[in-house]
Amino acid sequence: AKSRGRGQVCYFNNAMRKKLKRRADIENDLQHGIRNSEFELFFQPIFSLNDPHVVSFEALVRWHHPKNGLVPPNDFIPIAEQTGQIIDLDLHLLRSAAQQLKLWRQAGYPMTRVTVNVSSRHFASLDFVTYMQQLYIDHQLPNGSLCLEITESGLIENLKLATQIITGLAPLGVKLYLDDFGTGYSALGYLHQLPIHVLKLDKSFVDQLTHKENPLIDAILSLARSLDLNVVAEGIENPKQWALLKRKGCQFGQGFMVSKPLPADEAMQFLLTHTEM
Ligand code: C2E
Ligand code: CA
Ligand code: CA
Ligand code: CA
């Protein structure tokens, strides 16, 4: 029993060592990656459920890693959050999104909105407002064309400052989308105090709709209505989910049923060919 115990400790240490090594590698590679522009934004259409047409895109990052190929965000965003590199990465990606919007405008394409996922860490300093203002100026972005997706937890840690920042962004038309709504701990008591604009109903709720109805979905939609917030349902994969969400009064959606996240050119082609869906 004693030797088995030691064996387990040894195994555990190896696993730990591997994990730490992987983390250190990613930390290193992230730094290079930002400098070498190894990140590409893909764009997933967000559409109206009632009068089907594309209303905006969510920008989702992909990493073209020189050795490991295409790395999905779940493999490096959480690490970037831990190391703090998420700040640089987000700012870099916000700039990429602004550049893409400018390219589309210069090419004469219809103007659209892009929402970018950002860490709630940005909502701890008014510098973020300055950065966004400068992005809007540098790229001559129309009001409201670049918006933000953020999860709830970081906002409520410093409600007052977060509110100041969101208010500071308002003159640019920057709308705040509250991501993954309904997961983790939702501090419902604070929701009416935050100047947010849109709730994103987490995919886990949408998944369930294929089998049975979850009264929480109705509760969230009714909450959104009473707070005058729009709702985007994430991860719609089949017509049944679409129909149910629409019937329940959810206005917008996104998901593989309509389109995966696409490279910029394909996303614009999608928009042009799906003015009506
Ligand atoms: P998220 O913000 O909740 O993004 C939605 C995720 O669901 C995306 O995964 C998207 O590709 C996926 N998805 C959309 N529709 C469907 C569907 O119908 N079925 C299924 N199975 N999946 C669907 P992705 O691109 O792998 O991103 C994962 C997470 O990584 C995102 O979750 C977000 O939290 C984070 N992330 C992605 N890009 C960025 C970024 O540029 N900055 C930051 N800070 N985080 C990012
Ligand atoms: Ca998101
Ligand atoms: Ca989400
Ligand atoms: Ca998520």
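Which residue has a polar side-chain atom 3.3 Å from an oxygen atom of ligand 1? That residue is Asp 180, and it's a handy place to start, since this residue turns up again at a calcium ion, ligand 4. Keep in mind that this is a predicted model. Below, we look at ligand 1 and its surroundings, then at Asp 180 and the calcium ions, and finally at a loop residue, Gln 140.

**Ligand 1 and its pocket**

- Ligand 1 sits in the largest pocket.
- The elements giving two or more residues to the shell around ligand 1 are β2 (54-65), α3 (86-106) and β6.
- Of these, β2 supplies the largest share of the shell, with four residues.
- There are 22 residues around ligand 1, and the ones that come nearest are Arg 62, Asp 90, Asp 179, Glu 237 and Phe 256.

**Polar contacts with ligand 1**

- Gln 44 puts a polar side-chain atom 3.1 Å from a nitrogen atom of ligand 1.
- Val 61 works through its backbone instead: one of its backbone N or O atoms lies 3.1 Å from a nitrogen atom of ligand 1.
- With Asp 180, the partner on ligand 1 is an oxygen atom, 3.3 Å from a polar atom of the side chain.
- How much of ligand 1 does the protein bury? On its own, ligand 1 exposes 800 Å², and the protein buries 82% of that.

**Asp 180 and the calcium ions**

- You'll find Asp 180 in strand β6, which covers residues 176-181.
- Asp 180 isn't a glycine, yet its phi is positive, at about 50 degrees.
- Is Asp 180 buried or partly exposed? It counts as partly exposed because its relative accessibility is 29%, and the partly exposed class runs between 20% and 50%.
- The calcium ion known as ligand 4 is coordinated by Asp 180 (OD) and Asp 180 (OD), at 2.9 Å.
- Another calcium ion, ligand 2, is 6.0 Å from the calcium ion that is ligand 4.

**Gln 140, out in a loop**

- Where is Gln 140 found? Look in the loop between α4 (127-138) and β5 (146-151).
- Gln 140 has a positive phi too, near 45 degrees, and it is a residue other than glycine.
- Gln 140 counts as exposed because its relative accessibility is 55%, and the cut-off for exposed is over 50%.

Conventions
Residues numbered from 1 in each chain as written. Chains lettered and ligands numbered in written order. Predicted model: local features only at pLDDT ≥ 70, side-chain atom pairs only at ≥ 80, totals over all residues. Heavy atoms only, no water. Buried < 20%, exposed > 50% of the residue type's maximum accessible area, 1.4 Å probe, protein only. Donors = N, O, S within 2.8 Å, 3.2 Å for Na, K, Ca; no water. Near = heavy atom within 4 Å. Polar contact = N/O pair within 3.5 Å; in protein donor to acceptor, adjacent residues only side chain to side chain. Areas by Shrake-Rupley, 256 points an atom, 1.4 Å probe, with all protein chains shown as cover. 1 Å grid on protein atoms, 1.4 Å probe; cavity = no way out; pocket = protein on both sides within 12 Å on 5 of 7 lines; lining within 4 Å. Sits in = over half its atoms within 2 Å of the grid points.
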